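User: I am new to this structure and would like to be led through it step by step. Please let each answer show its reasoning before it settles on a value or a name.

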Amino acid sequence: MGAALLNIDAPMSSGESESIEVLVERAKTGDVPAFEALYRRTSERVYALCLRLSGDRDLATDLLQDVFVRAWQRLHTFRGESLFATWLHRLAINVVLQQLRALRRRREREVSASDLDHFERAARQSFPGTKLDLERAIAKLPERARRVLVLRDVEGYKYAEIARMTGVAVGTVKAQVHRARTLVREALA
Amino acid sequence: MISHVSERRMHQILDGELSSSELEHVERHVATCASCRERFARMSETVRDLGSLPKLASPPVEAWERIAERIGRAPPGRPADVAVLALPVARARARLLTLSLPQLGAVAAVVAALWVGALALGLRMAGGEAAVGSETALPAGVGPAARAVAATGVEYDRVVEDLERIVEEGRGVLAPETLLTIEESLATVDLAIAEVREALASDPSSEILVRMLATHERTRLGVLERAARAVRAQT
């Protein structure tokens, strides 16, 4: 995978001394506190993805919940062949893209100024120190453009990986990313 | 001297897709062209800033409580509260329905029949004239089948939305296993539909894609009809 994941598999200093691997094994047996500990260590990474892909705080919160419910359901399929963070991140992308597709079938979201203000407030709270003008420019992109730009330039996936995730031809993904970059640059000008 | 560097070429440079000789060629131009230099600098800065955005964001504190509530109902690897998986979809739905389930079943059957009939009619038509609903504005070059599908799509969407609402409201009476099966079936069909729609956006005159879309839509309708019947059987 092209994405440079943070080292969220490492134990944190919040009193949680157990390794991710131990927590995963405990959670597989139905141990909810162990799963909560996994959530505490990984949810910020997943929520950042949900927030940027959706451009909507409320939707991102729903998506975050969906991702972790799905993770709970599929935990038995995680065999430790990759980092738990990598497995979860791919699962999150699948869930988010699937939900956004289903949502798009019913309404083409138009991002209003009010939506953007709402998102900017959420971004200010959730991403302390981030470049708000850039976050706003991303949120303002058409959905497909935002989706591929986030996966490519923020998350660091390769074009071929994004093509597989989205079911779109590599050439189309490239064209969408290029257009999105240009739109972002123009929005910042 | 080469012409100005195109946007596409700039993206290729940023993606590391140019050979060293191509890159050298561009660099020679950029070295002497202030306009291209400035454009490239701005684009590079944008891409660099995107890559350095924070990768962590604090979720709302109540998010875990809701997850705990949902997963607390089933052990891992078994169906949890999958009902909420469709929440964004449900929230997007604004229409209210006045038809009863039996009425809907009848309407769904009629719509499905119309769907197939209109598609067949559209496929038989020659000359690109719309089979049904001449008010449907489609771009030139769109085939007759696509026009037929577009004409019946409004009615289809209405029936599907009504069935979805019944299923949504009846989640509480369905077994978690049943809900999971419904959700996963719908998710699979939705994915297939989304993929065909994306392909159709690039090739709107493809009759094969239109047929595939109609097939997937009928499948979705069938899943929803069965789900709505299951809800009805429990209420």
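User: Of the contacts in chain B with a separation of 6 or more, what percentage is accounted for by residues 24 or more positions apart?

Analyst: The model is a predicted one, and chain B is built from 9 helices and 0 strands, which follow one another along the sequence as α-α-α-α-α-α-α-α-α. Once contacts are limited to those with a separation of 6 or more, the part that joins residues 24 or more positions apart in chain B comes to 70%.

User: What percentage of the residues of chain A count as buried?

Analyst: Chain A has 9 helices and 0 strands, and from the N terminus on its elements run α-α-α-α-α-α-α-α-α. A residue is taken as buried when its relative accessible area is under 20%. Of the 189 residues of chain A, the part that counts as buried is 57%.

User: How much of the accessible surface of chain B belongs to carbon and sulfur atoms?

Analyst: For chain A, the exposed surface is about 7,600 Å², and carbon and sulfur atoms supply 48% of that area. Chain B, in which 44% of the 235 residues count as buried, has an accessible surface of about 11,800 Å², and the part belonging to carbon and sulfur atoms is 57%.

User: Are α9(A) and α1(B) roughly parallel or roughly perpendicular to each other?

Analyst: Helix α9 of chain A spans residues 170-188 and helix α1 of chain B spans residues 7-14, and where they pack their axes lie 10 Å apart at an angle of about 100 degrees. Angles of 65 to 115 degrees are classed as roughly perpendicular. The relation of α9(A) to α1(B) is therefore roughly perpendicular.

User: Which residues in α1(B) are met by residues in α9(A)?

Analyst: From the side of α9(A), the residues that take part are A:His178, A:Arg181, A:Thr182 and A:Arg185, and on the side of α1(B) they meet B:Glu7, B:His11 and B:Leu14. The residues of this contact between α9(A) and α1(B) divide into 1 nonpolar, 3 polar and 3 charged. The names asked for in α1(B) are thus B:Glu7, B:His11 and B:Leu14.

User: Leaving aside neighbours within four places in sequence, which residues are in contact with B:His11?

Analyst: B:His11 lies in helix α1 of chain B, and with a relative accessibility of 1% this residue counts as buried. When its neighbours within four places in sequence are set aside, the residues in contact with B:His11 are A:His178, A:Arg181, A:Thr182 and B:Met43.

User: Which residues are linked with A:Arg152 in a network of salt bridges?

Analyst: One salt bridge runs between the side chains of A:Arg152 and B:Asp15, at 3.1 Å from N to O; A:Arg152 lies in helix α7 of chain A and B:Asp15 in the loop between α1 and α2 of chain B, so this pair joins two chains. Another is formed by A:Arg181 with A:Asp153, their closest N and O atoms being 2.7 Å apart, and it ties helix α9 to helix α7 of chain A across 28 residues of sequence. Relative accessible areas of 18% for A:Arg152, 14% for B:Asp15 and 1% for A:Arg181 make these residues buried, and A:Asp153 counts as buried at 9%. The residues linked with A:Arg152 in the network are A:Asp153, A:Arg181 and B:Asp15.

User: How many residues apart are A:Glu155 and A:Arg45, whose pair links distant parts of the chain?

Analyst: The side chains of A:Glu155 and A:Arg45 meet in a salt bridge with an N to O distance of 3.0 Å. A:Glu155 counts as buried at 3% relative accessibility, and A:Arg45 is buried as well, with a relative accessible area of 2%. A:Glu155 sits in the loop between α7 and α8 of chain A, whereas A:Arg45 sits in helix α2, and the separation of the pair is 110 residues.

User: How far apart in space, C-alpha to C-alpha, are A:Leu63 and A:Val96?

Analyst: A:Leu63 belongs to helix α3 of chain A, which covers residues 57-74, and at 0% relative accessibility A:Leu63 counts as buried. Beyond its neighbours within four places in sequence, A:Leu63 is in contact with A:Cys50, A:Ser54, A:Val96, A:Gln99 and A:Leu100. Although A:Leu63 and A:Val96 are 33 residues apart in sequence, their C-alpha to C-alpha distance is 6.3 Å.

Notes. Residues numbered from 1 in each chain as written. Chains lettered and ligands numbered in written order. Predicted model: local features only at pLDDT ≥ 70, side-chain atom pairs only at ≥ 80, totals over all residues. Heavy atoms only, no water. Axes fitted to C-alpha atoms, helices over the stretch in contact; angles between N-to-C directions. Helix = DSSP H or I, 4+ residues; strand = E, 2+ residues; numbered from the N terminus. Parallel < 35°, antiparallel > 145°, perpendicular 65-115°, else oblique. Contact = heavy atoms within 4.5 Å. Nonpolar A, V, L, I, M, F, W, Y, C, P; charged D, E, K, R; others polar. Buried < 20%, exposed > 50% of the residue type's maximum accessible area, 1.4 Å probe, protein only. Areas by Shrake-Rupley, 256 points an atom, 1.4 Å probe, with all protein chains shown as cover. Salt bridge = Lys/Arg side-chain N within 4 Å of Asp/Glu carboxyl O.
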